[in-house]
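Q: Please take a close look with me at the largest pocket. I would like to know what lines it, and then how far the rest of the model can be read with confidence.

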Amino acid sequence: MIELGQGTAAPAAADLIKEGTEASFMADVVEASQQVPVIVDFWAPWCGPCKTLGPMLEKAVTEAKGAVKMVKIDIDRAQSIAAQLQIQSIPTVYAFYKGQPVDGFQGAIPQSEIKAFVDRLVAQGGGAPGGREDGLAEALQTAEDMLTAGQAEDAAQVFAAIAGEAPDRAAAHAGLVRAHIAMGDLEQAEAILNGVDASISHAPELEAAHAQLQLARQAADAGPVDDLRARVEADPDDHQARIDLAKALHATGNTEEAVDQLLESFRRDREWNDGAARAQLFTLFEALPPQDPVALKGRRRLSSMIFA
């Protein structure tokens, strides 16, 4: 495949990426997929986009460290398989697991989408052979990184694949909820929360996701920060305006000042509206990671007020 610019697989990757034929298809793809997902790249020497896609796929497969394999099939030399799988254009990529096609795409796609595609397969296959837990943990971290990078849709696909492979993994369901919140699909986020098995519904990750959903719904009704700040400055004891200001601040990413405003409201009148400031603080703390410095500092300050 030198003429395609794909190079040859490094010795360590010889079992991960190979050239397949019609004669070897059963062994290389169907039988091998009983152990780990196998990606099949259907290409041809005359296909320009194939020359770009092939190396990108190889890179993602190599980085998966044995959790998936890849077979490259020249359709000009495997026309019966191409016809059987109804391949009408190339590049076409199929993924097989347990002997069956489980995913795929057509055409050249960006490296980020290729990585998301491979990560879904890693999650579905449970990670590298002999390391299911490590593989799932790695896939979870990858999805978290995608979400942090703003790739919410890709993250949602990976979280969903992990949840399908390990339904008891609360972090996967929680991540899926957070991904839908990031996409602005609050109804779907709530539906996912409601559909979680009762045995894990109170897991810390899901409680945090529930708090984030509450805050996201509040954000939709938050007023302009400047208007609310002016109301608070005009009347420091306007607790509703101060709590609304905290909600608006959190909605714009200013979590630390949101905590400050809620603590000030609590300091001025801890019992106002049945302890609304404290309740809002707890919702905000619950939505933040356990070791988040804003949450830790805020909890300490609240405790010092309560027990002063």
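A: Happy to look at this with you. A word on domains comes first: their bounds come from an automatic or database domain assignment. For this protein, that assignment gives domain 1 (17-125), domain 2 (132-203) and domain 3 (223-307). Please also keep in mind that this is a predicted model.

Now to the pocket itself. The largest pocket holds about 820 Å³ of space. Its lining is made up of 31 residues, and those closest to the centre are Arg178, Gln212, Ala287, Leu288 and Pro289. Six helices each give two or more residues to this lining: α5, α7 (170-182), α9, α11, α13 (276-287) and α14 (293-306). Helix α9 contributes the most, with nine residues. Sorted by class, the lining has 19 nonpolar residues, together with six polar and six charged ones. Going back to the domains, domain 2 (132-203) and domain 3 (223-307) each supply at least three of the lining residues.

The enclosed space is worth a look too. There is one cavity of 30 Å³ or more, and the largest cavity contains about 30 Å³ of space. Around this cavity sit Leu215, Gln218, Ala219, Lys247, His250, Ala251 and Gln280. The elements giving two or more residues to that lining are α9 (204-221) and α11 (239-251), and both of these helices also appear among the contributors to the largest pocket. The lining of the cavity divides into three nonpolar residues, three polar ones and one charged.

How far can you trust the picture? Mean pLDDT for the protein is 87, with 92% of residues at 70 or more. Among the elements, helix α12 (residues 255-268) has the highest mean pLDDT, 96, while helix α5 (residues 132-148) has the lowest, 79. That is useful to know for the pocket, as α5 is one of the helices in its lining. Residues 1-12 have pLDDT under 50 throughout, and the model gives them 21 contacts beyond four places in sequence. Where pLDDT is low, the predicted coordinates should not be read in detail.

Finally, let us turn to domain 1. The centres of domain 1 and domain 3, taken over C-alpha atoms, are 52 Å apart. The protein has three aromatic pairs. In one of them, the ring centres of Phe42 and Tyr94 are 6.3 Å apart and the planes lie at 85°, so this pair counts as edge-to-face. Phe42 belongs to strand β2 (residues 38-43) and Tyr94 to strand β4 (residues 92-97), so the pair links parts of the chain 52 residues apart.

Two backbone details round off the tour. Most residues other than glycine have a negative phi, and most peptide bonds are trans. Lys65, although not a glycine, has a positive phi of about 55°, and is found in the loop between α2 (48-63) and β3 (69-74). The peptide bond from Ile90 to Pro91 is cis, with omega near 5°, and Pro91 sits in the loop between α3 (79-84) and β4.

Definitions and conventions: Residues numbered from 1 in each chain as written. Predicted model: local features only at pLDDT ≥ 70, side-chain atom pairs only at ≥ 80, totals over all residues. Heavy atoms only, no water. 1 Å grid on protein atoms, 1.4 Å probe; cavity = no way out; pocket = protein on both sides within 12 Å on 5 of 7 lines; lining within 4 Å. Points joined across faces, edges and corners; volume = space filled by probe spheres on them. Helix = DSSP H or I, 4+ residues; strand = E, 2+ residues; numbered from the N terminus. Nonpolar A, V, L, I, M, F, W, Y, C, P; charged D, E, K, R; others polar. pLDDT = per-residue confidence, 0-100. Contact = heavy atoms within 4.5 Å. Phe/Tyr/Trp six-rings, centres within 6.5 Å; stacked < 30°, edge-to-face > 60°.
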